[in-house]
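Subject: Structure handover

Hello,

Here is the structure I promised to pass on to you. Please have a look at it first, and then read my notes below.

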Amino acid sequence: MKLFSASAFALLALVLLPSAGPAGAAPAAPLPVSEAFELDVARDADGALVFSWDIAPGYYLYRDHISAQRDETPLPLSTPPGTPKDDPVFGPTQVYTGAATARLETPVFGTLELTFQGCQDDGICYAPETRHVDAQTLEVSAPAGPGGPGALGTGPEIAWTVGGETAVAPVEAVPGTAPGAGSGPADAGFELAASGGLVEGLLERGGVLLVLASFPLFGLLLAFTPCVFPMYPILAGALAREGDKLTARRGFVLSSIYVLSLSTAFGLLGAAAGWSGQNLQLVLQSPITSGILAALFAVLALSMFGLFELQLPGSWTNWVAARTGGLGGSGGSKRSTALLGFSSALIVGPCVTVPLAGALLYIAQTADVGLGAAALFGLGLGKGLPLIVMGTLGGQALPRAGAWMEGVKQIFGFGFLATAIWTVAPLLPSGVDLALWAALLIAVASFAVSVPLTNTTALASMRAVGGLALVYGVILLIGASAGGTDPLKPLAPLAQRGGSAGSGEGRELRFAATGSISDLQARLASANGERSTMVYFTADWCVTCRVIERSVFPDPQVRQSLGDFQLVKADLTDFNAENSALMKAMRVAGPPTMIFFDGAGREAADTRLVGSVTVDALTRSAHTTERL
Amino acid sequence: MLTRRTLLIAGAAGTASLLASGFPAAAQSIPTVEEVLFDEAIPTIGNPDGDVTIAEYFDYQCPFCKRGHPDLLDVVASDGNIRLVMKDWPIFGEPSVYAASLVLAAGDDYEAAHTALMKTEGRLSRDDVDATLAGAGHDPERLAARAAEQATRIQGILDRNTNQASAFGFRGTPVYLVNTQLNYGAMDKAALLAAVERARAA
């Protein structure tokens, strides 16, 4: 399902965003020098050194700014005549376009310095570039900068931003290692891959309407991902509480209310987060919020078991009834459904997905709260559409009344309890959730076998369910006491003790922790142009991250493809100014996000992974980066 | 699979770019606003109390710096509330250092001498610099003598500018800073006006 929705997602994007040509006539952003003027060194038949440049279209190299020296002594270079660059005042300057060559006939030993300089037409004139060339091996290298990672300054926190034709991300100016003044390529620091925002892209293609039309579709495609799953039992439970009052129409109304309030909360939270610049979405996921939510679900569960009736105070209900023409308790259930929907956004919200990240970044960058919030509202609506369908059609499928109804309510009670455990699990010491799941399953088992049923088939299947739940519950208990932590592999510790650890092939992935721009700078710089780096943004409360860590990172294929990477983890569990600045500089909306840098600290185009990730996607990004 | 790229496809290709490129590295810590926009040793043009400061890292031999200069002066003059700081970053060798030194030594004639040299088109030799300044009514010899007297001040300015450019990781000239907003490469009038508007909105 997840796989399906991911590829459908890409397909949809293809439909929505057919390729458009580069916008505008303004010259593109200047290329890195090494790409604008690609240098190659060879020795010709006469033994002379030949330097040749492959010059990118729209760039030119000055003939009289090509020079070579060894030990401060200029070496004579011969260069062919270039194209005159007209200069009516002071006469022509000669430049090369397309390609340029320079010959050095004097024999040289050791390393020589080659300097060249050029411009991008109507754009920028580069500072002179120097390359070290080994006259024997013909190896070309950039002169080392004076500063190593040790020379890093942390710098005052100033938000120098990059202006331009479009709204681009705010960028913290970036400290790194230093090439000498006016020399040296950008071999340190980091450089993010070019990518316009999702919202900006849609805006450009089809304006506001396309944005508003696309986000519900994105949401629909995300409706079947684990982030949204908890919504189904919650809504089903809320509907089940209606008992025999539930009709298709009422199911539709209630589920629509639920989805509308979920989407509203989603839009409001996103707007507040983006607009305030605070990552509210992260703050909301504090242990306190999770704890309150878990408690709320536990209370809901208990009310399902009939321990008490969960109703708004009678005076409120009466007040509402008076205003709504005596619809009885329906106002109350509408309200509690709305409340449920609102708080459900806290669960759905933190699941970072590509469209969510796009909308949040858009709000943060443009302060266009209205459109951003509308996009998020649309995303929520899309996610909720299947819920409304379920609420409308499923309502009729629910039994009308009697003992059956009580049984169904209790089943939803268990669903709520499961949601409570799921919500609180990240806060508990690992392994405790196993015990909780075990307790829940054993309770389910005892419920299933004790349901009074007359239909023998139903009785048999309930008992089968009960038996299964009991067995798995016991297995979980054993796993928990043996130190197991994974509810899906509770007996892993025992299995490994038995020596059959077949999955221990690749090395376990080891991440170094980072939490600030300067620290990440140092780590990228220490890659020395050789090792690629993967930066993984995660947090304890990030459920998708847990899934990734449990089922994607341990995969042998992933371990192998990331084996040569420098792995860096930015943990956003404790959100502070430093890692917030890091997120901003990296244009990260939240965890999970993975960014791949080549050895030179440049983000590899087309590799960033946001949201849930498959083994294939991760492996592909890793390989793309390695090939650079 | 769900990379940002799959969503963006080629449509956004033209829009995104500036960030990707102008973004290398540097050793020094990031220059402060004070150091970059308010270096007291550098004379200013336009409204000294303007609410927006434009600082341009430039070279007297950089053709695009010079070609865009009339537009820049135009924007500064017609706006009336812009403070302009021309930050010499001599990347074209000795004649550029020479030109910068003479202009920075011009005192009250700073703006006139600067504008005269910005009206030239391409490459300059020392003689070209002298001839241009003389043509605009300045005495190159006197300016050279004053530059020698003020060598510490002038070298300080050039060093600071160069170090800042390197700390920012600028690749070359021109770079326009409109308040804290960096703009790489040539800017036409429309781009300048838009940048000023953005700066005021920020």
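Before the first finding, a word on angles: axes are lines fitted to C-alpha atoms, for helices over the stretch in contact, and angles run from 0 to 180 degrees between N-to-C directions. Please also keep in mind that this is a predicted model.

With that in hand, start at helix α16 of chain A, residues 517–526. This helix lies across β15, β16, β17 (566–571) and β18 of chain A, and runs at about 140 degrees to β15(A). The strands beneath that description belong to an open sheet of 5 strands in chain A, ordered β15-β17-β16-β18-β19, with mixed pairing. At its edges stand β15 (512–514) and β19 (609–610) of chain A; each has a single partner strand, so one side of each is left without a neighbour in the sheet. Further in, β16 (residues 533–538) and β18 (residues 593–597) of chain A are antiparallel and joined over 5 bridges. If you want a spot to zoom in on, A:Y536 stands opposite A:M594 in β18(A).

Next, the cores. In soluble globular proteins, nonpolar side chains tend to be buried together. The largest nonpolar core here has 108 residues, and A:Y258 and A:A359 have the most contacts inside it. Helix α3 of chain A (residues 198–222) gives the most to this core, contributing 11 residues. Leaving aside residues up to four places away in sequence, A:Y258 touches A:L235, A:A238, A:T337, A:L340, A:G341 and A:L387. There is also a second, separate core of 65 residues, which includes B:C62, B:F170, B:L192 and B:A195.

Finally, some backbone details that caught my eye. Most residues other than glycine have a negative phi, and most peptide bonds are trans. Which kind of peptide bond joins B:T173 and B:P174? That bond is cis, with omega at about -5 degrees. B:P174 lies in the loop between β4 (172–173) and β5 (175–178) of chain B.

In chain A, the loop between β4 (67–70) and β5 (73–75) holds A:D71, and A:E72 is found in that loop between β4 and β5 as well. Phi is positive at A:D71, near 50 degrees, and also positive at A:E72, about 70 degrees, although A:E72 is not a glycine. Are these two residues buried or exposed? A:D71 counts as exposed because it has 8 C-beta neighbours inside 10 Å. A:E72 is exposed too, with 6 other C-beta atoms within 10 Å.

Enjoy exploring!

Best wishes

Notes:
Residues numbered from 1 in each chain as written. Chains lettered and ligands numbered in written order. Predicted model: local features only at pLDDT ≥ 70, side-chain atom pairs only at ≥ 80, totals over all residues. Helix = DSSP H or I, 4+ residues; strand = E, 2+ residues; numbered from the N terminus. Buried ≥ 20, exposed ≤ 12 C-beta atoms within 10 Å, placed from the backbone. Core = buried A, V, L, I, M, F, W, Y, C linked by C-beta atoms within 7 Å. Contact = placed C-beta atoms within 7 Å. Pairing = 2+ DSSP bridges.
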